[in-house]
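Here's a short set of exercises to work through with the viewer open. Try each task before you read its solution.

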Amino acid sequence: MAEPPPILLTPGPVSTAPATRAAMQADPPPWDAPFKALTRDVAGRLVHLAGGDPATHLCVPLPGSGSYAVEAMAGTLLPRPERNGGGRLLVPCNGNYGKWLEASVRIMGRDAVTLDGAEDAALDPQRIADALAADPAITHVGVVHVETTTGLFNPVDRIAEVVHAARRRLWVDVVASLGILPVRLNDWHADAVASSSNKGIEGVPGCGFVIARRDALLAMRGNAHSLSLDVEWQGRFFEESQGRFRYTPPTHVVAAFAAALDAFEADGGQPARFARYSANCRTLREGLEDLGFMPLIAADIQAPVIVTCHAPPVPAWNFDTFYRVLKDAGFIIFPGKVTQVPSFRIGCIGQVQPADMERVVAAARAALDAMGLRPRSWP
Ligand SMILES: *Cc1c(COP(=O)(O)O)cnc(C)c1O
């Protein structure tokens with residue numbers, strides 16, 4: 001009998017449902033009515049899921065992963081230096097996704113500043129308010145909702161209040177939160193959010209999207225640094241053509257995305273997904289804690305997306321052994337550390353249940369055994 005395929009706890013990509021993968025069996029012609037209707041339907045559902053209103057917000061799908069969508073959002077919406085004196089982006093930063101947003105803006109030759117915070121603490125809205133008061137040249141603020149570097153969530157509701165009160169424009173990277181935590185585009189007074197097909201909605205990788213205020217997009221016509229990553233142009237073309245991408249769309253990915261959204265809605269939408277992922281996260285986090293692993297972030301800022309633990313500070317600890325034993329048990333985890341301190345990360349999203357997390361914890365115990373480490377035997 002063939003081995004069952006491994007479960008991805010990377011995340012993402014995430015493990016997907018058979019019906020999602022089955023939706024990729026045909027080769028849809030991109031310019032025909034059925035594919036355009038499917039794409040419009042996906043875009044419309046995403047506007048609602050992000051807390052937007054179709055009258056005032058537009059979902060613009062783009063080929064690529066979440067990073068492409070985030071970069072397209074920034075490149076389209078942050079004014080170039082020669083445009084009305086240019087824009088300056090503030091990125092309050094407590095992980096790599098914040099740093100990469102700032103890096104992408106600099107690479108485009110735009111102006112960005114960071115407000116660095118500790119990677120194991122949520123962003124502090126008051127510090128953001130102070131930074132905005134201190135620098136009138138800041139026009140935009142870009143925040144990451146769930147920082148997948150560690151798995152913490154930032155208090156975007158309160159951050160949005162201070163950004164709105166300071167009359168600056170807000171973007172939110174909701175790549176790791178959409179479908180899992182409430183996203184409130186309208187209530188946040190945000191100009192845009194960006195996300196992708198392959199995390200909380202459990203599609204396959206390959207489709208990013210930006211959901212933006214129509215007026216914010218219109219005001220930035222001609223601003224983008226890039227032809228293919230121009231969200232305003234793509235959005236205008238999408239509406240005029242009733243559902244076409246300007247260039248080759250990821251047709252199979254969009255078909256799978258629609259199937260994943262069907263399942264997402266049938267399951268009970270964001271609240272149900274939050275509940276399942278929370279049960280996964282609790283089982284995983286508490287199981288690892290029982291073995292003696294120390295989570296990097298406090299439970300009250302833990303998003304149910306990925307759990308990061310300190311590597312045991314003992315010579316017997318060996319990440320490669322840990323990775324291999326988990327892999328042999330059928331689980332693929334992120335292959336290395338991304339935090340400043342030695343750590344490992346295990347995702348808890350995708351087509352997985354608390355029972356799978358129990359098996360991950362059992363595999364972690366077996367990995368300790370293989371290293372000759374007893375549970376709770378390190379400081
Ligand atoms: C996954 C993720 C992205 C996008 O990463 P890709 O490697 O392009 O998929 C962006 N921001 C956050 C917070 C993420 O978790």
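The exercises below go from the whole chain to the ligand and then to some backbone details. Keep in mind that this is a predicted model.

**Exercise 1. Work out how compact the chain is for its length.**

Solution. Start with the inventory: the chain has 12 helices and 13 strands. Next, take the radius of gyration, which is 21 Å, and set it beside the globule rule, which gives 21 Å for 379 residues. The two values are close, so the chain is as compact as a globular protein of that length. To get a feel for the extents, look along the principal axes: the C-alpha trace spans about 65 × 55 × 35 Å.

**Exercise 2. List the residues that surround the ligand and sort them by character.**

Solution. Go along the sequence. You pick up Ser 65, Gly 66 and Ser 67, then Tyr 97. Val 144, Val 146 and Thr 148 come next, followed by Asp 173, Val 175, Ala 176 and finally Lys 199. Now sort this shell: 5 residues are nonpolar, 4 are polar and 2 are charged. As for the site, the space the ligand takes up is the largest pocket.

**Exercise 3. Find side chains with an N or O atom within 3.5 Å of a ligand oxygen, the cut-off for a polar contact, and say how much of the ligand the protein covers.**

Solution. Check three side chains from the shell one at a time.

- Thr 148: a side-chain N or O atom lies 2.3 Å from an oxygen of the ligand.
- Ser 67: here the distance from a side-chain N or O atom to a ligand oxygen is 2.5 Å.
- Lys 199: its side chain puts an N or O atom 2.7 Å from an oxygen of the ligand.

Then turn to area. On its own, the ligand has 380 Å² of accessible area, and the protein covers 85% of that.

**Exercise 4. Track down the cis peptide bonds that involve Gly 12 and place them in the fold.**

Solution. A reminder before you scan omega: most peptide bonds are trans. Step one is the bond that joins Pro 11 and Gly 12, which is cis with omega about -5°. Step two is the bond from Gly 12 to Pro 13, also cis, with omega near 15°. Step three is location: Gly 12 is in the loop between β1 (7-9) and α1 (18-22), and Pro 13 is in the loop between β1 and α1 too.

**Exercise 5. What is the sign of phi at Asn 84, and where does this residue sit?**

Solution. Most residues other than glycine have a negative phi. Asn 84 has a positive one, near 50°. Now place Asn 84: you'll find it in the loop between α3 (66-77) and β3 (88-93).

Methods. Residues numbered from 1 in each chain as written. Predicted model: local features only at pLDDT ≥ 70, side-chain atom pairs only at ≥ 80, totals over all residues. Heavy atoms only, no water. Near = heavy atom within 4 Å. Polar contact = N/O pair within 3.5 Å; in protein donor to acceptor, adjacent residues only side chain to side chain. Areas by Shrake-Rupley, 256 points an atom, 1.4 Å probe, with all protein chains shown as cover. 1 Å grid on protein atoms, 1.4 Å probe; cavity = no way out; pocket = protein on both sides within 12 Å on 5 of 7 lines; lining within 4 Å. Sits in = over half its atoms within 2 Å of the grid points. Nonpolar A, V, L, I, M, F, W, Y, C, P; charged D, E, K, R; others polar. Helix = DSSP H or I, 4+ residues; strand = E, 2+ residues; numbered from the N terminus. Rg over C-alpha atoms; globule rule 2.2 N^0.38 Å.
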